[in-house]
Amino acid sequence: MPVANGKSVYRNPYALPLAFSGQNDVNNPVFTGNPFAYQEAAYSQLLGKKVTLYKRVAYKKTVQAGKVTYVLNSKDKKNPLYGNLPWSQAGDNVLEINWKVLSNYAGWLSPSVFFIPVQKRTRVTLKTKTPNAYQAQFYQLDLQKLAKASQEIQAKAIKQISFKGLRITFTAIGKKGKASYAYLEVPVKSGWKATNNGKKAEISSYLGTFMKFKLKPDVNKIQLTYTIPKLKLGSLISGLAALVLLLVAFWPKIGQRSRK
């Protein structure tokens, strides 16, 4: 897109559509501590077949006083390389990639998965007092496989979708004789209510976060409306509290008048 305000904006060819449909009943894959395996499990459910996006990268580990270093065995500069160091205990650590400090690690608001530029001698160093508290995970993403998987999902995109205030409306087509689902990348939370063709519809979740709807055969016009949870109760309590404050403020004056 054209540069605006000194910023360049690019379209992500791997991004999934905001809403899409399919015949796969996508649920919530179990996270076992490996984010790369979890992402593959998520895509496998979305596509209804086994998907492999990453390959494990071998490394050599060296432990010295106050730091642990991983030298990675990868020369592939076309596909992004990532690391993750799940920790058994938090610590005041510093993460270096190719001799450059990236950030603190295993602490408050520190990253988990991090990007690693591939060099002739790619290395990751963690300055830490507990070098044995980390189980290293290094994986390289196959962009061609990710593109193919993303394109299959993009082909199922729901394009008739609109946003008006606190209301989302979209139309999806359900297959006859087959279970069909619509997926919407809006987080599930209290306050959302849904209807399908004017009748109350159930909001389920997939991937532990987003909305899923079971479709009926033919046309499904789904409408979502959001209201702030407990808004009426909160307004009532606020009104009563304001009334009490007014009484407390004016009660001495009322008492003085009554005595006169």
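**View 1. Tyrosine 183 and its aromatic surroundings.** Tyrosine 183 counts as buried in this predicted model, because its relative accessibility is 2%, below the 20% cut-off for that label. Tyrosine 181 is buried as well, with a relative accessible area of 10%. Look for the cluster that ring pairs build from Phe20, Tyr181, Tyr183, Tyr206 and Phe210. Lysine 212 joins the scene too: it lies over the face of tyrosine 181, at 5.6 Å from the ring centre.

**View 2. An edge-to-face pair of tyrosines.** Searching the whole structure turns up 17 aromatic pairs. In one of them, tyrosine 54 and tyrosine 139 have ring centres 6.3 Å apart and planes at 85°, so the pair is edge-to-face. This pair links distant parts of the chain, since tyrosine 54 sits in strand β2 and tyrosine 139 in strand β10, 85 residues apart. Both residues can be placed by their accessibility: tyrosine 54 is buried at a relative accessible area of 11%, and tyrosine 139 counts as buried at 8%.

**View 3. An open sheet with a helix across it.** Here you can follow 4 strands in the order β2-β10-β5-β8, paired in the antiparallel sense as an open sheet. Strands β2 (54-56) and β8 (113-116) stand at the edges with a single partner strand each, so one side of each has no neighbour in the sheet. On average, neighbouring strands of this sheet are turned by 35° against each other, direction ignored. Within the sheet, β5 (residues 81-84) and β10 (residues 137-141) pair over 4 bridges, and glycine 83 stands opposite phenylalanine 138 in β10. Helix α1 (residues 35-47) lies across β2, β5, β8 and β10, and runs at about 120° to β5.

**View 4. Strand β4 and its two partners, β3 and β9.** Start with β4 (residues 67-72): 5 of its 6 residues are buried, so this strand is largely enclosed by the rest of the structure. Strand β3 (residues 59-64) pairs with β4 in the antiparallel sense over 6 bridges, and lysine 61 has tyrosine 70 in β4 as its bridge partner. The hairpin of β3 and β4 has 2 residues between the strands, and glycine 66 in this hairpin takes a positive phi near 85°. Strand β9 (residues 123-127) also pairs with β4 in the antiparallel sense, over 5 bridges. There, valine 71 stands opposite arginine 123 in β9.

Conventions:
Residues are numbered from 1 along each chain as its sequence is written. This is a predicted model: local features need pLDDT of at least 70, side-chain atom pairs count only at pLDDT 80 or more; totals for chains, interfaces and linings use all residues. Side-chain values use heavy atoms; hydrogens and water are left out. Buried means under 20% relative accessible area, exposed over 50%, partly exposed in between (1.4 Å probe, protein chains only). Two strands pair if DSSP finds at least two bridges between them. Axes are lines fitted to C-alpha atoms, for helices over the stretch in contact, and angles run from 0 to 180 degrees between N-to-C directions. Contact means heavy atoms within 4.5 Å. Rings of Phe, Tyr and Trp (its six-membered ring) pair if their centres lie within 6.5 Å; planes under 30 degrees apart count as stacked, over 60 as edge-to-face and the rest as tilted. A charge sits over a ring if NZ of Lys or CZ of Arg is within 6 Å of the ring centre and within 35 degrees of the ring normal.
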